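Grab a pencil and try each exercise before you read its solution. Keep the 3D view open while you work.

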Amino acid sequence: LMVRKTLKAANRSCVPTMWKVMGGLKSGVTWNKSDNTFYYPNGSVIYTGGMQDEEQRESVRSIGGEGGLDWIWIEEATSLIEQDYNELAARLRHMAAPWRQIWLSTNPSYPSHWINQRLIIGREASVYNSFPGDNPYLPQSYLDMLTKLTGVQYQRLVLNKWVQSEGAVYDNFSAIPDDGNVTEEAEYNPAWPIVWGVVDGYAEGKGKGTDSYHPRVFLLGQFTPQGGLNIFAEYYKTQEVEETSL
């Protein structure tokens, strides 16, 4: 199984990569778009899946020889929550080979991420670091560009360090697209307790994205069973006096 947080992302990244590695039609391997599966001449198959919602999770649960898998590749693994990993690891019960294996490929994220805490620091996984210069297919212009990065981006993408942005209030916040951390699909769940947080800001400053932008923010959220914080409502505005009601 090749899997990303969303099936759409897997089909856009994992599938083209594998198709190129296998040599396309010359290899005798076929790709069936309707069931997102590679079929090998010897009977082996590689499935493609996502863990975005219950429908995609159920699809993953239903695939595999005799109810299990031999090998799983999780691409952009930091976008998956720990529950996703646990559910996938529980699928490694097929017996085509005398071993079963799960791979996670990713760039580093914040230090408290479950991958860093559990698999790397906790030594549940073997870790193989690779650096940009190790990839012979990267153009020199790209490598030169990476040397110009600064701060947390340089430390993560070039030095492979699990670091957090200085001054961050929420140490697990990330705005990287498709990483599963920030989504427009967060909704209120009546089964979970509600928490709230407020920052009584005022200044517009130079606008969003600048150090001088300091809005009043009111958040409504819920802690999920997976340990995450689901923000389902947000209010923010600048240049409001303290007495202004919401």
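Below are five exercises with worked solutions about this predicted model.

**Exercise 1. Find out which strands pair with strand β4 (residues 45–50), and say whether β4 is mostly buried or exposed.**

Solution, step by step:

1. Start with strand β1 (residues 2–4). Over 3 bridges, β1 and β4 pair in the parallel sense. For a landmark, look at valine 3, which stands opposite glycine 49 in β4.
2. Now try strand β3 (residues 37–39). This strand also has 3 bridges to β4, but here the sense is antiparallel. Tyrosine 39 has valine 45 in β4 as its bridge partner.
3. Check the link between β3 and β4. The two form a hairpin with 5 residues between them, and glycine 43 in that turn has a positive phi of about 100 degrees.
4. Finish with burial. A residue is called buried under 20% relative accessible area. In β4, 5 of the 6 residues are buried, so the strand is largely enclosed by the rest of the structure.

**Exercise 2. Work out which way the residues of β5 point, and where β5 finds its partners.**

Solution, step by step:

1. Count the covered residues: 5 of the 5 residues in β5 are buried.
2. Sort the side chains. Trp71, Trp73 and Glu75 point one way, Ile72 and Ile74 point the other way, and all are buried.
3. Look for a partner in β1. β1 and β5 pair in the parallel sense over 2 bridges, and methionine 2 has tryptophan 73 in β5 as its bridge partner.
4. Look for another in strand β6 (residues 101–105). β5 and β6 pair in the parallel sense over 5 bridges. Glutamate 75 is matched there with serine 105 in β6.

**Exercise 3. Describe the largest nonpolar core: which residues touch the most other members, and which elements give two or more residues?**

Solution, step by step:

1. Begin with a rule of thumb: in soluble globular proteins, nonpolar side chains tend to be buried together.
2. Pick out the well-connected members. The largest nonpolar core has 18 residues, and Leu1, Val3, Met51, Ile72, Ile74, Leu88 and Ile115 touch the most other members.
3. Trace the core back to its elements. Those giving two or more residues are β5 (71–75), α3 (82–89) and α4 (114–121). The largest share, 3 residues, comes from α4.
4. Zoom in on isoleucine 74. Leaving out residues up to four places away in sequence, isoleucine 74 touches Val3, Leu80, Tyr85, Leu88, Ile102, Trp103, Leu104 and Ser105.
5. Don't stop there: a second, separate core has 11 residues, including Met2, Ile46, Trp71 and Trp73.

**Exercise 4. Find the salt bridge partner of aspartate 84, and decide whether each of the two residues is buried or exposed.**

Solution, step by step:

1. Recall the idea: side chains of opposite charge can pair when their charged atoms come close.
2. Name the partner. Aspartate 84 forms a salt bridge with lysine 5, and their closest N and O atoms are 2.7 Å apart.
3. Place both residues. Aspartate 84 sits in helix α3 and lysine 5 in the loop between β1 and α1 (7–22), so the pair ties together parts that are 79 residues apart in sequence.
4. Compare each value with the cut-off for buried, under 20%. Aspartate 84 has 0% relative accessibility, so it counts as buried. Lysine 5 has a relative accessible area of 12%, so it is buried too.

**Exercise 5. Move on to glutamate 58: which residue does it form a salt bridge with, and which network does it belong to?**

Solution, step by step:

1. Find the partner: glutamate 58 forms a salt bridge with arginine 61, with the closest N and O atoms 2.9 Å apart.
2. Locate the pair. Both lie in helix α2 (residues 54–61), 3 residues apart, about one turn of the helix.
3. Classify them. Glutamate 58, at 44% relative accessibility, counts as partly exposed. Arginine 61, at 31%, also counts as partly exposed.
4. Follow the shared partners. Salt bridges join Lys5, Glu54, Arg57, Glu58, Arg61, Asp84 and Glu87 into one network.
5. Put this in context: a search of the whole structure finds 8 salt bridges.

Definitions and conventions: Residues are numbered from 1 along each chain as its sequence is written. This is a predicted model: local features need pLDDT of at least 70, side-chain atom pairs count only at pLDDT 80 or more; totals for chains, interfaces and linings use all residues. Side-chain values use heavy atoms; hydrogens and water are left out. Buried means under 20% relative accessible area, exposed over 50%, partly exposed in between (1.4 Å probe, protein chains only). Helices (H or I, at least four residues) and strands (E, at least two) are DSSP runs, numbered from the N terminus. Two strands pair if DSSP finds at least two bridges between them. A nonpolar core is a set of buried Ala, Val, Leu, Ile, Met, Phe, Trp, Tyr and Cys residues joined through side-chain atoms within 4.5 Å. Contact means heavy atoms within 4.5 Å. A salt bridge is a side-chain nitrogen of Lys or Arg within 4 Å of a carboxyl oxygen of Asp or Glu.
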